[in-house]
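Reader: I should like a close look at one part of this model, the packing of a pair of helices, followed by an account of how other parts are arranged. Please keep to what can be read from the coordinates, residue by residue.

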Amino acid sequence: MSVLIVIPARYASTRYPGKPLVALTGASGVAKSLVQRSWEAAQQVKGCDRVVVATDDDRIKEACEAFGAEVVMTPESCANGTERCSAALDALGGGYDIIVNLQGDAPLTPHWFVEDLVQGLQDDLQAEVATPVLRCDGAALNGFLHDRSEGRVGGTTAVFTQERRALYFSKEVIPYTPDRYADTDETPVFHHVGVYAYRPDALKMYCEWPTGPLEGLEGLEQLRFLEQGRSVLCVEVEARDRQFWELNNPEDVPRIEKMMSEMGMN
């Protein structure tokens, strides 16, 4: 199956304007923009036919072309990354069996997360959309709980059936657990990794559906599929000693830079 990776990059973020161009300094002391590090992560994915950055902003376009990325201009009216992926696919004339949305705020995404995700969609013909989930250790869960106590969103969590079909995604920490965990403990909470793989028909239908109340409340685009009763496959991925975090707030910059330094990522 032919695979297209789209990196949606919007300048006018409500929570963090200009986020794609925020500089992150790696272990070598070299600073690169968030969108460049996300694009470099996409280049490591095996079995991908094409990688493009989808944006509506000339500043992002110029920055991306400067480091060699292919850019597709998409409408300002795109409400989220999924809609921007659909617009990018249309602009490219279609022709791909699987479209991956590698969100531009997750530069630490390991290539095997995306590879496992694509494989999951290839293996499960009933699933229209697939997304990765990562079991939290105590350190990750405690980080989520601390962020929520401070009024920040540290990440999104997911719950799903025994068949790995998504039941719900939330910016709150779900499921509730009364226990507390040491940093290396395994927990029952799964971190939703903000990457998606869609079949073309599902991506097209998404843009035809209205925003549902749950999507509006949580600000989570994937809930539109669940509110329409569609099947979202949760693919459990393994960290393999890699640290993972998304850049949601300015406070996440030093956290991610620390992780990059510890992992030797330049």
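Author: An angle between two helices is taken here between their N-to-C directions and runs from 0 to 180 degrees, each axis being a line fitted to the C-alpha atoms over the stretch in contact. The model is a predicted one.

With that definition, helix H3, which spans residues 81-92, packs against helix H6, residues 200-208, at an angle of about 115 degrees. The two axes are 9 Å apart, and the crossing of H3 with H6 is left-handed. On the H3 side, the residues that meet the partner helix are Thr82, Glu83, Cys85, Ser86 and Leu89. On the H6 side they are Pro200, Leu203, Lys204, Tyr206 and Cys207. By character, the residues of this contact divide into 6 nonpolar, 2 polar and 2 charged.

The nonpolar interior comes next. The largest nonpolar core has 52 residues, and helix H4, residues 111-123, provides the largest share of that core with 6 residues. A second core, separate from the largest, has 29 residues. Cys85, named above in the contact of H3 with H6, belongs to this second core, which also includes Val72, Tyr198 and Phe225.

Within the largest core, the residues with the most contacts are Ile5, Ile7, Val53, Cys64, Val100 and Val114. Ile7 illustrates the surroundings of such a residue. Apart from neighbours within four places in sequence, Ile7 is in contact with Val51, Val52, Val53 and Ala54, as well as Leu102 and Gly104. The contacts of Ile7 also include Ser38, Trp39 and Ala42, and these three are among the buried residues of helix H1. Helix H1, residues 34-43, is mostly covered, with 8 of its 10 residues buried. The other buried residues of H1 are Leu34, Val35, Gln36, Arg37 and Ala41.

Strand S9 and the loop after it deserve separate attention. Ser170 lies in S9, which covers residues 166-170. Ser170 counts as buried because its relative accessible area is 4%, below the 20% limit. The side chain of Ser170 makes a polar contact of 2.8 Å with the side chain of Glu218. A polar atom of the Ser170 side chain also lies 3.0 Å from the backbone nitrogen of Glu172. Beyond four places in sequence, Ser170 touches Gly155, Thr156, Thr157, Glu218 and Leu220.

The loop between S9 and strand S10 (186-192) contains Pro175. Most peptide bonds are trans. The bond that joins Ile174 and Pro175, however, is cis, with omega at about -5 degrees. Thr177 is found in the same loop between S9 and S10 and is buried, at a relative accessible area of 12%. The side chain of Thr177 reaches the backbone nitrogen of Asp179 at 3.3 Å, and a polar contact of 3.1 Å links the side chains of Thr177 and Tyr181. Leaving aside sequence neighbours within four places, Thr177 is in contact with Leu141, Pro188 and Val189.

Pro188 and Val189 are also among the contacts of Arg135. Arg135 lies in strand S7, residues 129-137, and is partly exposed at 32% relative accessibility. Its contacts outside the four nearest places in sequence further include Glu186, Thr187, Phe190 and Glu236. Arg135 and Glu186 are 51 residues apart in sequence, yet their C-alpha atoms are 7.5 Å apart in space. The side chain of Arg135 reaches the backbone oxygen of Thr187 at 2.9 Å.

Finally, two residues of another loop have notable backbone angles. Most residues other than glycine have a negative phi. Phi of Arg240 is positive, near 50 degrees, and phi of Asp241 is likewise positive, near 70 degrees. Arg240 lies in the loop between strand S12 (232-236) and helix H9 (252-263), and Asp241 is placed in the loop between S12 and H9 as well. Asp241 counts as exposed because its relative accessibility is 79%, over the 50% limit.

Notes. Residues are numbered from 1 along each chain as its sequence is written. This is a predicted model: local features need pLDDT of at least 70, side-chain atom pairs count only at pLDDT 80 or more; totals for chains, interfaces and linings use all residues. Side-chain values use heavy atoms; hydrogens and water are left out. Helices (H or I, at least four residues) and strands (E, at least two) are DSSP runs, numbered from the N terminus. Buried means under 20% relative accessible area, exposed over 50%, partly exposed in between (1.4 Å probe, protein chains only). A polar contact is a pair of N or O atoms within 3.5 Å; within protein, one must be able to donate a hydrogen and the other to accept it, and residues adjacent in sequence count only if both atoms are side-chain atoms. Contact means heavy atoms within 4.5 Å. A nonpolar core is a set of buried Ala, Val, Leu, Ile, Met, Phe, Trp, Tyr and Cys residues joined through side-chain atoms within 4.5 Å. A crossing is left-handed if the near helix is turned anticlockwise from the far one by less than a right angle, and right-handed if clockwise. Ala, Val, Leu, Ile, Met, Phe, Trp, Tyr, Cys and Pro count as nonpolar, Asp, Glu, Lys and Arg as charged, and the others, Gly among them, as polar.
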